[in-house]
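Please open the model in your viewer and follow the stops below in order.

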Amino acid sequence: MKKLSAIVFFTLFVLMSVAQTNTRVVKGFVRDADGMPLVGATVKAIGEEASTTSTQGGVFELRVSPYCQYVEALSEGYLRAKVEVDGSMLIFRLKIDKQYVENKVRAAAEEKARMEAIANAKAEAEARAQAEAKAEELARIDAAKRAEAERLAKEKAEAKAEEQARIDAAKRAEAERFAKEKAEAARVKAEEQARIDAAKRAEAERLAKEKAEVARVKAEEKAEAARVKAEEKAQLPALKNEEKIKKCIETNLRYWRNLQIIAPSDSYTVLGDQYLNGKGVSFNQANAFLCYNKGAEAGEALAYMRLAFFYETGRMLNKVYLESDTKMALLLYEKAASLGLTEAEAEANRLRTKR
């Protein structure tokens, strides 16, 4: 008997070992009818206990026995599907379970109806509570109105008595105030008269001072007018001299043009350069400055550039010093550049950097 039991046990052990060693791995995908992967679907071997779950991308791996012929896949909301194990990659395409969807829709509708019934019941309860509260509020308001009417009547009587007492006290206070005001008015009137007298004296003194000040200002204005007139008289020869210089420049310009030494395009600029360098005429910075001004009025680009240089460096012009003005110089360089003088643009950039 013991020998028979040992043989049976050994046979079962051998069979189990063979079963464990003779297994195979089935791989594949679980997708829906549109080919989209299903994650979390259950994949089982039919007739065996082996099962697994699809992972990311619907991929699954299942270890089955060599005798497994079919594998099935199922997922919530989809119909079961089975495929034959033929050694190739298994692909499940699960179709939607219409009955499951209908059950879900029906359950949602029932839940909605239940929630609406609860909401209606709640609304009715709130309406009843509001009606009861309103009735209680009206009763409370009526009681409050009656109490308020009684309180007002009592307050009216008390206020009337207090008002009469106040009126009597006010009459006595008014009589006392009137007497005090009368005395105060007499005192103020006396002080006001004293102030008026003092103001009249002060006004008389102020008018006398103003009269003296007006006389002093008139004398100063008269003296200033005489000084200005004297200065204008002294400046008259200088103005006449400047007009003579301008006429001389015009005469020289016509002379140099007639000799065809100066071209009409930059006539004033060329003549100014001659005055500045003492070529053909006597050296004279003031005359050069006047020529450059005339050239700028005529639209000569070089004249603007020469004037810019004068303003940038500062010059002595006939005992009058032309102070340096970099802002004016920059404007003149920019004007020359706008007329097409490229070197003027470079000078303008230099002056901007320097500033």
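The tour starts with the strands and ends with the helices. The model is a predicted one.

**Stop 1: the open sheet**

Select β3, β2, β5 and β6. These 4 strands make up an open sheet, ordered β3-β2-β5-β6, with antiparallel pairing. Because β3 (51–53) and β6 (81–84) stand at the edges and each has a single partner strand, one side of each lacks a neighbour in the sheet. On average, neighbouring strands here are turned by 20° against each other, direction ignored.

Now narrow the selection to β5, residues 70–74, and β6. The two run antiparallel and are joined by 4 bridges. To find one place where the strands meet, pick Y70: its bridge partner in β6 is E84.

**Stop 2: β1 and β4**

Move to β1 (residues 24–32) together with β4. Here 6 bridges join the two strands, which run antiparallel. Select R24 and look across to β4, where V64 is its bridge partner.

Stay on β4, residues 59–64, and show its side chains. Which residues lie on the covered face, and which on the uncovered one? F60, L62 and V64 form the covered face, while V59, E61 and R63 form the uncovered face. In a regular strand, side chains alternate between the two faces of the sheet.

**Stop 3: the loop before α5**

Go next to E300, in the loop between α4 (285–297) and α5. Is E300 buried or exposed? Its relative accessibility is 4%, so E300 counts as buried. Show the side chain of T269 as well: a polar contact of 2.5 Å joins it to the side chain of E300.

**Stop 4: helix α5**

Continue to α5, residues 301–313. This helix has 13 residues and spans 19 Å from first C-alpha to last, close to the 18 Å expected at 1.5 Å a residue. Colour its buried residues: A301, A303, Y304, M305, L307, A308, F310, Y311 and E312. Following the helix is G314, which has a positive phi, near 80°.

**Stop 5: α3 against α5**

Add α3, residues 267–277, to the selection. The axes of α3 and α5 come within 9 Å and cross at roughly 35°. On the α3 side, T269, D273 and L276 make the contact; on the α5 side, L302, A303, R306 and F310 do. By type, the residues of this contact are 4 nonpolar, 1 polar and 2 charged. Two residues from earlier stops return here: T269, whose side chain has the polar contact with E300, and F310, one of the buried residues of α5.

Key:
Residues numbered from 1 in each chain as written. Predicted model: local features only at pLDDT ≥ 70, side-chain atom pairs only at ≥ 80, totals over all residues. Heavy atoms only, no water. Expected span 1.5 Å × (residues − 1). Buried < 20%, exposed > 50% of the residue type's maximum accessible area, 1.4 Å probe, protein only. Pairing = 2+ DSSP bridges. Axes fitted to C-alpha atoms, helices over the stretch in contact; angles between N-to-C directions. Polar contact = N/O pair within 3.5 Å; in protein donor to acceptor, adjacent residues only side chain to side chain. Contact = heavy atoms within 4.5 Å. Nonpolar A, V, L, I, M, F, W, Y, C, P; charged D, E, K, R; others polar.
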